[in-house]
Structure formats: structure tokens, C-alpha cells
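Got the viewer open? Here is a short tour, one selection at a time.

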Amino acid sequence: LELKGDDYTQGNPAAKAVLVEYLDFECEACGAYYPVIKQIKEEFKDDLVVAVRYFPLSGHKNGLASALAVEAAARQGKYWEMHDYLFEKQGEWGEKQKRDDSMFEQYAQDIGLDLEQFKEDRDSRSVSERVKRDQNDAKRLKLSGTPSFFLNGKKIQNPRSFDGFKKLISEAIQNPPPLENLK
């Protein structure tokens, strides 16, 4: 599992520890991990880089739509703003019985995106292909659910708490893998 040039990352690019998360924005477990990951990024800002990848699950009616919305926001330089906003608003739009793009259009306006550009990007082939690439990578890795975490290239059991995550990341920082494993 390697970082890609167009991965959405936060943290120190030269860090000794790399955390990759495959997520579905509609997944309630991903929503529950959102504040934990946010706290982890702050706690280890100098020693960790966090990458996020799309893995919308077929059982979520707005899973794909939300991933497309985030990727479209990224085209206007607001990936993290939309990422955070969707998790903060997940209770409003998650677990609906049918896809509803109008919610994501409202959120795009809320974070200051050009709405027409957002719609054009959301419906574009390049945005769809970017989301599908991450989704296909997750399938190749035989992932079956979200969130799925990889620390320094190895899949980890989802820690049950911030302290559990902190322990794993501290160990990874103290015992980093050889650099060629993280390119």
C-alpha cells in the first residue's frame, strides 16, 4: 500500500508514520471515527501523515453521491472543508432511502464553492474515475467495510478508542518500516 501523488493528505509529508483510511462518508462508523482521527492528526501533526481514500459502499444510497461531492469540492481546492462538513452534517443526510444530490449542492454553497462548477465537476468523468480508482483499490485489497485503516502499509484492526490509536501510532513512529515500503 503506497501513497499516491493525488492522495488527500494532512500532516507532515516526511513523517515516519503513514495512516491511510478508506472511508464512506455515509458510514456511521466512519462518522464515529471522524473526531478520533481529527484528534490523532492534531496529536501527531509532526510525526504522522494521514491519507484518505474513497470506498463508498453499495448499501448506502448517498455513499457514492457524497464521495463525488467531496471530489468535486477538491477540484475547487476545498477537499478538507467538504470532508469535514459532510461528517459534521452526517445526521442530516445519512441513511436516506434514496440519493439526494440537492443536499450536497447546498453544502457546496455553504462552504463557498461555485455551484455551477461544482455540479459540472460532480457529474464529470474525471471525478467519477477518481472515486472509482480508490474504490477499486479497496476491492483489490479485499476490504469489506469502512472505515478500514492501514498504518505504515499494514492493515490494522480498528482501535476502539483514541488511546488505542495513539498507542499504535506511537509504536509505528518508534519503529518505522524501511522507506522503500512507504514510497
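Before the first click, a word on element names: helices (H or I, at least four residues) and strands (E, at least two) are DSSP runs, numbered from the N terminus. With that in hand, select K142, which sits in the loop between α7 and β4. This is a predicted model, so take what follows as a reading of predicted coordinates. The phi of K142 is near 60°, a positive value in a residue that isn't glycine. Most residues other than glycine have a negative phi, and most peptide bonds are trans. Is K142 buried or exposed? Exposed: its relative accessible area is 72%.

Stay in that loop and move along to P147, also between α7 and β4 (148-151). Which way round is the peptide bond from T146 to P147, cis or trans? Put a dihedral on it and you should find cis, with omega near -10°.

Next, select N152, in the loop between β4 and β5 (154-156). N152 is another residue other than glycine with a positive phi, here near 50°. Its surroundings are another matter: N152 has a relative accessible area of 9%, so it counts as buried, the cut-off being under 20%.

Now go to helix α7 (residues 125-140) and pick D137. At 10% relative accessibility, D137 is buried too. What does D137 touch, leaving out residues up to four places away in sequence? Show its contacts and look for K4 and Y22.

Time for the charged pairs. How many salt bridges are there? The count comes to 18, and three of them are worth a stop.

- Select R122 and E105. Their side chains form a salt bridge, 2.8 Å from N to O. This pair ties together distant parts of the chain, with R122 in helix α6 (residues 115-122) and E105 in helix α5 (residues 101-110), 17 residues apart. Both R122 and E105 are buried.
- Select D134 and R133. Here the closest N and O atoms are 3.4 Å apart. Color by accessibility and the partners split: D134 is buried at 0% relative accessible area, while R133 is partly exposed at 26%. Then add D6 and R130 to the selection, and you have one network of D6, R130, R133 and D134, joined by salt bridges that share partners.
- Select E42 and K45. The closest N and O atoms of this salt bridge are 3.0 Å apart. K45 is partly exposed, with a relative accessible area of 44%.

Last stop: the empty space inside. Rolling a probe the size of a water molecule over the atoms shows where empty space is left. Run a cavity search and two cavities of 30 Å³ or more should turn up. The largest holds about 70 Å³ of space. To center the view on this largest cavity, select E21, Y34, I37, K41 and H83, which are the closest to its centre among the 13 residues that line it.

Which elements give two or more residues to that lining? They are β2 (17-23), α1 (28-43), β3 (48-54) and α3 (79-88). Of these, α1 gives the most, with six residues. Color the lining of the largest cavity by class to finish: nine residues are nonpolar, one is polar and three are charged.

Note on methods: Residues numbered from 1 in each chain as written. Predicted model: local features only at pLDDT ≥ 70, side-chain atom pairs only at ≥ 80, totals over all residues. Heavy atoms only, no water. Salt bridge = Lys/Arg side-chain N within 4 Å of Asp/Glu carboxyl O. Buried < 20%, exposed > 50% of the residue type's maximum accessible area, 1.4 Å probe, protein only. 1 Å grid on protein atoms, 1.4 Å probe; cavity = no way out; pocket = protein on both sides within 12 Å on 5 of 7 lines; lining within 4 Å. Points joined across faces, edges and corners; volume = space filled by probe spheres on them. Nonpolar A, V, L, I, M, F, W, Y, C, P; charged D, E, K, R; others polar. Contact = heavy atoms within 4.5 Å.
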